[in-house]
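User: I am new to this structure and should like to understand the reasons behind the terms used to describe it. Please set each value against its definition.

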Amino acid sequence: MAKLAILEFPDERLRTKAKAVQSVDDEVRKLVDDMLETMYDAQGIGLAATQVDVHRRVVVMDVSDDNSQPLVLINPSYTPIGDEKEPLSEGCLSIPEHYAEVPRYLKVELKALDRNGEPYTLEADGLLAHCIQHEYDHLEGVLFVDYLSSLKRDRIRKKMEKRHKQMQGA
Ligand SMILES: [Zn+2]
């Protein structure tokens, strides 16, 4: 397994719409394993392939406290169950150190393929439902800052640009 580099906002590559996976083969499984390692190393609860500059519809997640429940979502889609939304404070490995409340559907039904290419369905609520919607957005080139006012988004963009300058200078 190998750790992958995570793209950071406002990198334009994060705006790429990912393409569907045609067959879940060893190459896709290696990507999944590398993404899980990268996510755990960064102490995240979700990572989309878009964030590691691979523009295919692959997501990994683990919302457990002890990294014991890795979830693999290949070609995921979801439908809201009910129309109730709740705001939850959200972060993103591509926008480190910034958090904001984003309203998401309370409950969703997820459909995806697992690491063996087997289709599955999952009813999710709470943090998991929130995470599914956040990661799905990545595959569409959407970031949580897009839900904020342009004023707030610009403020985060400036801070991130400053961070990247400092990193280059270090
Ligand atoms: Zn994210």
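User: How many bridges join strand S6 to S7, and what makes them a pair?

Analyst: In this predicted model, seven bridges join strand S6 (residues 107-113) to S7, and the two run antiparallel. Two strands pair if there are at least two bridges between them, so S6 and S7 count as a pair. Within S6 and S7, lysine 107 stands opposite aspartate 125.

User: Why are strands S1 and S7 said to stand at the edges of the sheet?

Analyst: The open sheet has five strands in the order S1-S2-S3-S6-S7, with antiparallel pairing. Strand S1 (46-48) and strand S7 (119-125) each have a single partner strand, so one side of each is left without a neighbour in the sheet. From one strand to the next, the twist averages 40 degrees.

User: Which helices lie on these strands?

Analyst: Helix H1 (residues 26-41) lies across S1, strand S2 (58-61) and strand S3 (71-80), and runs at about 40 degrees to S2. H2 packs on the sheet and touches S1, S2, S3, S6 and S7, while its direction makes about 120 degrees with that of S7.

User: What makes Cys92, His134 and His138 donors of the zinc ion?

Analyst: The SG atom of Cys92 and the NE2 atoms of His134 and His138 lie 2.1 to 2.3 Å from the zinc ion. The cut-off for a donor is within 2.8 Å of the metal, so these atoms qualify. In sequence, the donor residues are spaced C-x41-H-x3-H. Cysteine 92 is in the loop between strand S4 (85-90) and strand S5 (100-105), whereas histidine 138 is in helix H2 (residues 126-139), 46 residues apart.

User: Are cysteine 92 and histidine 138 buried or exposed, and how do you know?

Analyst: Buried means under 20% relative accessible area. Cysteine 92 has 10% relative accessibility and therefore counts as buried. Histidine 138 has a relative accessible area of 1%, so it is buried.

User: Why is glutamate 135 called buried?

Analyst: The relative accessible area of glutamate 135 is 4%, which is under the 20% cut-off, so the residue is buried. Glutamate 135 is in helix H2, and the unreviewed UniProt entry annotates Glu135 as "active site".

User: What does glutamate 135 touch, and what makes its approach to alanine 48 a polar contact?

Analyst: Not counting residues up to four places away in sequence, glutamate 135 touches Gly46, Leu47, Ala48, Gln51, Val59 and Met61. A polar atom of the glutamate 135 side chain lies 3.3 Å from the backbone nitrogen of alanine 48, which falls within the 3.5 Å limit for a polar contact.

Technical notes:
Residues numbered from 1 in each chain as written. Predicted model: local features only at pLDDT ≥ 70, side-chain atom pairs only at ≥ 80, totals over all residues. Heavy atoms only, no water. Donors = N, O, S within 2.8 Å, 3.2 Å for Na, K, Ca; no water. Helix = DSSP H or I, 4+ residues; strand = E, 2+ residues; numbered from the N terminus. Buried < 20%, exposed > 50% of the residue type's maximum accessible area, 1.4 Å probe, protein only. UniProt positions renumbered as here; feature names shortened; annotations may be inferred. Contact = heavy atoms within 4.5 Å. Polar contact = N/O pair within 3.5 Å; in protein donor to acceptor, adjacent residues only side chain to side chain. Axes fitted to C-alpha atoms, helices over the stretch in contact; angles between N-to-C directions.
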